[in-house]
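Work through the exercises below with the structure on screen. Each task is followed by a solution in steps.

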Amino acid sequence: MGDNTTFEEKKKSHRERHSGRKADKKKGKKNGNSIQELSDRKRNPKAFAFNSVIGAERRFRRKQDIETKKQHVPLVDRTQTPIEPPPILIAVVGPPKVGKTTLINNLIKLFSKSPLLDIKGPVTIVTGKKRRITLIECNNDINSMIDLAKVADLALLLCDASFGFEMEIFEFLNICQIHGMPRIMGILTHLDMIKNSKTLKNTKKMLKHRFWTEVYPGAKLFYLSGLLHGEYLRNEIKNLGRFISIMKFRPLTWRMTHSYLLADRYEDLTNLELIRQNPKCDRNISIYGYIRGVSLNKNSSVHIAGFGDIKIHDISYLPDPCPLPETVKKRALIEKEKLIYAPFSGVGGIVYDKDAVYVELGGSHSHRKRDDDEANNIVTNLIETKEALDVKMQHSELQLFTDGKKLTADDIDSDSSLYNSDSEDKIQKHSNIKEINDDVGLNKELNKLRKSQTHTEIECDGRIRRKVIFNDSDMDTDDEEELVQKDATYSTMKKNDKSIHSKVSDILKSLEESNGMSTVARKAEEKELFQTKANCVLQETPEELNKNDYTINYESSDSDHETNENSSKTESEAEDLLSDASDEVVIVTMKQMKILAKQSQKQKIY
Ligand SMILES: Nc1nc2c(ncn2[C@@H]2O[C@H](COP(=O)(O)OP(=O)(O)OP(=O)(O)O)[C@@H](O)[C@H]2O)c(=O)[nH]1
């Protein structure tokens, strides 16, 4: 018993610790800053002390570099836009048949609920609470590229991945370098044409590498992996659209200090009677569009591309045809706010004209579908008639063969032959060319630009595509495999060339036999022919130049491409052609060789 009492007496009550490691831990827990919640660096500072001073210095420099890169010079907003900034201008650029129209259609469908069937001119859409975009397709000619490079905020460069980069893309990039680079985004299409997954991977890698070399490292490149029911995959278009609608733009200095405008539509206000009396009379045109850059001064002259410097008669402010939503109710746009404005395509905006009340008869700017009843059509046709019947007949043309000469009323009156026009005609045409080609300097520059980029011409889908060849070896071994596959295409091309060679020589041989000429005489004749041909190049109108595809660099079956390269066919080019004629003329089309052969026959006969 006594033992038990001593044991109980010995038992001490628990005393809480007030100092020491455990007490500190407990205190920390109570206060909410336990050691577990501390960051690694604080919990174990010794582990994070740097063991190499040089490494630490490098890390510090790198961090500072990244931070400095993010900092921009503050922007001064000189635009003084009273209300909303104008829509962002997006140019869709790329070689023919690469998918430009399909892409624009898909983007329009994504942002607005009314898809356009036939897109003409710029299309403005509201894409967000604070953003509108104007989409415009760039034609495949130098003039359109120059015009758009001046004004575009963002250029979407489309490339057919199954074919590779074509000259059009580099022409546009070179033009942009002169005008000031807008934001550039690459888009690869036709990826579904590459069936082998390894080749697809390599192609993507190779094109991305090349794109980064040409634009800047890290430039955004989108992949559109194929078509489904004639449209790109919805997810990919959605991503692209989202990217476009949140993208930030740094305006170019030149643009911020000048005012410029992209015409959404225009109207000819000239009296029709005056035009009838003199088709070349001075016209009064009103141009509608958003003013970009600084505000436009009424007293200044404006330069209209393709026309020259013109004085402004009057400027007036019109209500916005495609306004942003007034109040932000929801995060996303409601249906009513998804506006679209595309007057050239026949959507929106006729009611805003300043001095006229319009009665809607249908036509390009109309919302309403035109009735097909006959009486209505007769009246509308009468209103639209601008020329009398005899004038129309005078201007009408008849073309018997594709690529053949168009016959006009004058041709039928006179007995002149189709190919050989008389010398007066030639002189007249020559002077016409001189008038049209005022910008010889520009063309020379363009020629230089074209020569600086090596390319090969490949006939594909009935048209000639100019594939860019890069001399540097920026591909790894995997890419070489793929090149072997592509070589198959080139060899077909070479075969074609060979067949042309053989056909040409066959024709010449048969000529020789029929005329009993020696080889030396034939060669002399051949050279003479090229001389005459080159002279013809100087003397024919640009339209004829296009028709006959004399030059090798510009040979193309695409109509857009042809019509707009008129001005670039100059005398200097013809001289170039002449100097290169002995080697390159073999690539000139069969059609031309036949013409040459015919001419040589004629010469022999006479
Ligand atoms: N397989 C495949 N076909 C495509 C792709 N993109 C476009 N196409 C097709 O290519 C053809 C030409 O497309 P468009 O959108 O008219 O090309 P474009 O660049 O506007 O042509 P132009 O206006 O004549 O210069 C159409 O038949 C499209 O269906 C693609 O990614 N894959």
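**Exercise 1. A helix on two strands**

Task: Find helix H7 (residues 167-179) and state which strands it lies across.

Solution. The model is a predicted one. In it, H7 lies across S1 and S4. Its direction makes about 160° with that of S4.

**Exercise 2. The sheet**

Task: Write down the order of the strands in the open sheet of seven strands, and say which are the edge strands.

Solution. Step 1: the order is S6-S5-S4-S1-S3-S2-S15, and the pairing is mixed. Step 2: strand S6 (221-223) and strand S15 (340-341) are the edge strands, as each pairs on one side only. Step 3: helix H5 packs on this sheet and touches S1, strand S2 (123-128), S3, S4 and S15. The direction of H5 makes about 160° with that of S3.

**Exercise 3. Pairs of strands**

Task: For S1 and for S4, state how many bridges join the strand to its partners, and in which sense they run.

Solution. Step 1: S1 is joined to strand S3 (residues 131-137) by five bridges, and the two run parallel. Ala91 stands opposite Ile136 of S3. Step 2: S1 also pairs with strand S4 (residues 154-160), over four bridges and in the parallel sense. Here Ile90 has Leu154 as its bridge partner. Step 3: S4 is joined to strand S5 (residues 183-189) by seven bridges, again parallel. Asp160 has Thr189 of S5 as its bridge partner.

**Exercise 4. The two faces of S1**

Task: Decide how many residues of strand S1 (residues 88-93) are buried, and sort them by face.

Solution. Step 1: six of the six residues of S1 are buried. Step 2: in a regular strand, side chains alternate between the two faces of the sheet. Step 3: Ile88, Ile90 and Val92 are on one side, and Leu89, Ala91 and Val93 are on the other. Both faces of S1 are covered.

**Exercise 5. The nonpolar core**

Task: Name the residues with the most contacts inside the largest nonpolar core.

Solution. Step 1: this core has 51 residues, and Ile90, Ala91 and Leu157 have the most contacts inside it. Step 2: S1 gives the most to the core, with six residues. Step 3: leaving out residues up to four places away in sequence, Leu157 touches Val93, Gly94, Ile169, Phe172, Ile184, Met185, Gly186 and Ile187.

**Exercise 6. Two helices**

Task: Compare the span of H5 and of H8 with the span expected at 1.5 Å a residue, then find the buried residues of each.

Solution. Step 1: the twelve residues of H5 (100-111) should span 16 Å, and the end C-alpha atoms are 17 Å apart, which agrees. Step 2: helix H8 (residues 197-214) has 18 residues and reaches 26 Å from its first C-alpha to its last, close to the 26 Å expected. Step 3: in H8, the buried residues are Asn202, Thr203, Met206 and Phe211. They cover an arc of only 160° around the axis, so they are on the same side of H8. Ser197 and Lys198, on the other side of H8, are exposed. Step 4: in H5, the buried residues are Lys100, Leu103, Asn105, Asn106, Leu107, Ile108, Leu110 and Phe111.

**Exercise 7. Positive phi**

Task: Find where Lys97 and His229 lie, and state whether each is exposed or partly exposed.

Solution. Step 1: most residues other than glycine have a negative phi. Step 2: phi of Lys97 is near 60°, and phi of His229 is near 55°. Step 3: Lys97 is in the loop between S1 and helix H5. His229 is in the loop between strand S7 (227-228) and strand S8 (231-232). Step 4: Lys97 has 17 C-beta neighbours inside 10 Å, so it counts as partly exposed. His229 has 4 other C-beta atoms within 10 Å and is therefore exposed.

**Exercise 8. Far in sequence**

Task: State how far apart Ser245 and Arg132 are in sequence and in space.

Solution. Step 1: Ser245 lies in helix H9 (residues 234-246). Step 2: Ser245 and Arg132 are 113 residues apart in sequence and 8.2 Å apart in space, C-alpha to C-alpha. Step 3: Ser245 has 19 other C-beta atoms within 10 Å, so it is partly exposed.

Key. Residues are numbered from 1 along each chain as its sequence is written. This is a predicted model: local features need pLDDT of at least 70, side-chain atom pairs count only at pLDDT 80 or more; totals for chains, interfaces and linings use all residues. The expected span of a helix is 1.5 Å times one less than its number of residues. A residue is buried if 20 or more other C-beta atoms lie within 10 Å of its own, exposed if 12 or fewer, and partly exposed in between; C-beta atoms are placed from the backbone. The arc is that of the directions from the helix axis to the C-beta atoms. Two strands pair if DSSP finds at least two bridges between them. A nonpolar core is a set of buried Ala, Val, Leu, Ile, Met, Phe, Trp, Tyr and Cys residues joined through C-beta atoms within 7 Å. Two residues are in contact if their C-beta atoms, placed from the backbone, lie within 7 Å. Axes are lines fitted to C-alpha atoms, for helices over the stretch in contact, and angles run from 0 to 180 degrees between N-to-C directions.
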